[in-house]
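I opened the model at my desk and went through it with a few plain lookups. My notes follow in the order I made them.

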Amino acid sequence: MGENAERTRANAVITVHKYEPSAYDEPAEGPVLTRIHVEESFSGDITGDGIVEFLQAARADGSASFVGIERVTGELGGRRGTFLLQDAGTVQDNIVSGDWFVIAGSGTRELADLRGEGGFRANLGEGAQVHLDYWFE
């Protein structure tokens, strides 16, 4: 982050519209590997739509670890465009939580040069509370 760049916190809620898991490796022992396609919308300080692909390793006890990349199309801080978020998180005791960051160079239009990092938390199957501390380079 440049010395003069000021961070702004954006808070939002994600509503999931499509959740399509597809297991691609189900061994007799060990975690099941699943690809999950998600389509969702953001409301709050971030507005718009997101489309994301997750890769998840799920254990027999219901806990899991996942990674993903999401394209967000919408508005942030009064600016419109798209950007990519890279996610990493866990599922534990029916709580989904994790961290994400804006992939450098992924912003378009008025969101070019967007950078940021934040996180998310939700009860499994419910809308997530999310935040993004962002700045422009």
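**Entry 1: two acids inside**

I started with E40, which sits in strand β2 (residues 32–44). Strands here are DSSP runs of E, at least two residues long, helices are runs of H or I, at least four long, and both are numbered from the N terminus. The model is a predicted one, where local features need pLDDT of at least 70, side-chain atom pairs count only at pLDDT 80 or more, and totals for chains, interfaces and linings use all residues. I count residues from 1 along each chain as its sequence is written, and side-chain values use heavy atoms, with hydrogens and water left out.

Which side chain of opposite charge is nearest to E40? I found R71, 13 Å away, and E40 is buried yet has no salt bridge. Buried means under 20% relative accessible area, exposed means over 50%, and partly exposed is in between (1.4 Å probe, protein chains only). A salt bridge needs a side-chain nitrogen of Lys or Arg within 4 Å of a carboxyl oxygen of Asp or Glu. For charges, I take Lys and Arg as positive and Asp and Glu as negative, and leave out His and the chain ends.

Next I listed what E40 touches, skipping residues up to four places away in sequence: I14, T15, V16, H17, G48, D49, G50, V52 and E70. Contact means heavy atoms within 4.5 Å.

E70 was on that list, so I looked there next. E70 lies in strand β4 (residues 64–76). E70 is also buried without a salt bridge, and R71 is again the nearest side chain of opposite charge, at 10 Å. Beyond four places in sequence, the contacts of E70 include E40, F42, F83, D87 and W100.

**Entry 2: salt bridges**

I then searched the whole structure and got five salt bridges. Side chains of opposite charge can pair when their charged atoms come close. I wrote down three pairs.

- E117 and R7 meet at 2.9 Å, N to O. E117 is in strand β7 and R7 in the segment before β1 (8–25), so this pair ties together parts 110 residues apart in sequence. I get partly exposed for E117, at 37% relative accessible area, and partly exposed for R7, at 36%.
- R9 and D133 meet at 2.6 Å, N to O. This pair links R9 in strand β1 with D133 in strand β8, 124 residues apart. R9 is partly exposed at 46%, whereas D133 counts as buried at 17%.
- R115 and E137 meet at 3.1 Å, N to O. R115 is in strand β7 and E137 in the segment after β8, 22 residues apart. R115 is partly exposed at 24%, and E137 is exposed at 57%.

**Entry 3: loops**

Where does D93 lie? I placed D93 in the loop between β5 (79–92) and β6 (95–102). D93 has a positive phi of about 50 degrees although it is not a glycine. Most residues other than glycine have a negative phi. D93 is exposed, at 68% relative accessible area.

R109 gave me a positive phi of about 50 degrees too, and R109 is not a glycine either. R109 is in the loop between β6 and β7 and is exposed at 64%.

I also checked L124, in the loop between β7 (114–123) and β8 (128–136). L124 is partly exposed at 46%. Outside four places in sequence, L124 is in contact with V91, N94 and V96. From L124 to S43 I get 19 Å, C-alpha to C-alpha, for 81 residues of sequence.

**Entry 4: the whole chain**

How many helices and strands are there? I count zero helices and eight strands.

I get a radius of gyration of 16 Å for the 137 residues, which agrees with the roughly 14 Å of a compact globule. That radius is taken over C-alpha atoms, and the globule rule is 2.2 Å times the number of residues to the power 0.38. The C-alpha trace spans about 55 × 30 × 25 Å along its principal axes.

Of the 137 residues, 37% count as buried. Among contacts with a separation of 6 or more, 45% come from residues 24 or more positions apart.
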